[in-house]
Amino acid sequence: MPIYEYQCRSCGHREEAIQAIADEPLTDCPACGAAALKRVPSAVAFRLKGGGWYETDFKSGNRRNVAEGGGESSASASGG
């Protein structure tokens, strides 16, 4: 889910919101209540949601993370 950044054109309040791409942009400022929120350009950010996105899901043997495998390919790992 993308994380969007908003800024109020009335009071200058800034906040981030986790929204689906299809969600309508926010309009009401939580700080002043004015309908003046506008999405502002920011660094790309998103949250991975659901199973399969955590280090523990990729453990194999004593390895802590797949990336710590020292560059092993699947062919060399299987002895081929």
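**Figure 1. Cys-32 and its surroundings in the predicted model.** In this predicted model, Cys-32 is partly exposed, with a relative accessible area of 38%, and its place is in the loop between strand 2 and strand 3. Leaving aside residues up to four places away in sequence, Cys-32 touches Cys-8, Ser-10 and Cys-11. The chain also brings Cys-32 and His-13 together in this view: the two are 19 residues apart along the chain, and their C-alpha atoms are separated by 8.3 Å.

**Figure 2. Cysteine sulfur atoms without disulfides.** The structure holds zero disulfides. Cys-11 is in no disulfide, and the nearest cysteine sulfur, which belongs to Cys-29, is 3.7 Å away; because a disulfide requires cysteine sulfur atoms within 2.5 Å, this pair does not count as one. Cys-32 is likewise in no disulfide, the nearest cysteine sulfur being that of Cys-8 at 3.7 Å. As for solvent exposure, Cys-11 is partly exposed, with a relative accessible area of 42%.

**Figure 3. The largest nonpolar core.** Seven residues make up the largest nonpolar core, namely Tyr-4, Tyr-6, Cys-8, Ala-17, Cys-29, Ala-36 and Leu-37. Strand 1, which spans residues 3–8, supplies the largest share of this core, with three residues. In soluble globular proteins, nonpolar side chains tend to be buried together. One of the core members, Ala-36, is in contact with Gln-7, Cys-8, Arg-9, Ser-10 and Thr-27 when residues up to four places away in sequence are not counted. Although two tyrosines, Tyr-4 and Tyr-6, belong to this core, a search of the whole structure finds zero aromatic pairs.

**Figure 4. Gln-19, a buried polar residue in a loop.** Gln-19 is found in the loop that runs between strand 2 (14–18) and strand 3 (37–40), and with a relative accessible area of 6% it counts as buried. A polar atom of the Gln-19 side chain lies 3.1 Å from the backbone oxygen of Glu-24. Apart from residues up to four places away in sequence, Gln-19 touches Met-1, Pro-2, Tyr-4, Tyr-6, Glu-24, Pro-25, Leu-26 and Arg-39. Two of these partners, Tyr-4 and Arg-39, are themselves arranged such that Arg-39 lies over the face of Tyr-4, at 3.8 Å from the ring centre.

**Figure 5. Glu-5 on strand 1 and its polar contact with Arg-14.** Glu-5 has its place in strand 1, and its relative accessibility of 18% means that Glu-5 counts as buried, because the limit for that class is under 20%. The side chains of Glu-5 and Arg-14 make a polar contact at 2.5 Å. With neighbours within four places in sequence left aside, the residues in contact with Glu-5 are Arg-14, Glu-15, Glu-16, Lys-38, Arg-39, Val-40 and Ser-42. Arg-39, which is in contact with Glu-5, is also the residue that lies over the face of Tyr-4.

**Figure 6. The whole chain as context for the close-up views.** The protein contains one helix and three strands, and from the N terminus on its elements follow the order β-β-β-α. Buried residues account for 15% of the 80 residues in the protein, with Gln-19 at 6% and Glu-5 at 18% relative accessibility both counting as buried. Among contacts between residues at least 6 apart in sequence, 33% join residues at least 24 apart.

Notes. Residues numbered from 1 in each chain as written. Predicted model: local features only at pLDDT ≥ 70, side-chain atom pairs only at ≥ 80, totals over all residues. Heavy atoms only, no water. Helix = DSSP H or I, 4+ residues; strand = E, 2+ residues; numbered from the N terminus. Buried < 20%, exposed > 50% of the residue type's maximum accessible area, 1.4 Å probe, protein only. Polar contact = N/O pair within 3.5 Å; in protein donor to acceptor, adjacent residues only side chain to side chain. Contact = heavy atoms within 4.5 Å. Phe/Tyr/Trp six-rings, centres within 6.5 Å; stacked < 30°, edge-to-face > 60°. Lys NZ or Arg CZ within 6 Å of the ring centre and 35° of its normal. Core = buried A, V, L, I, M, F, W, Y, C linked by side-chain atoms within 4.5 Å.
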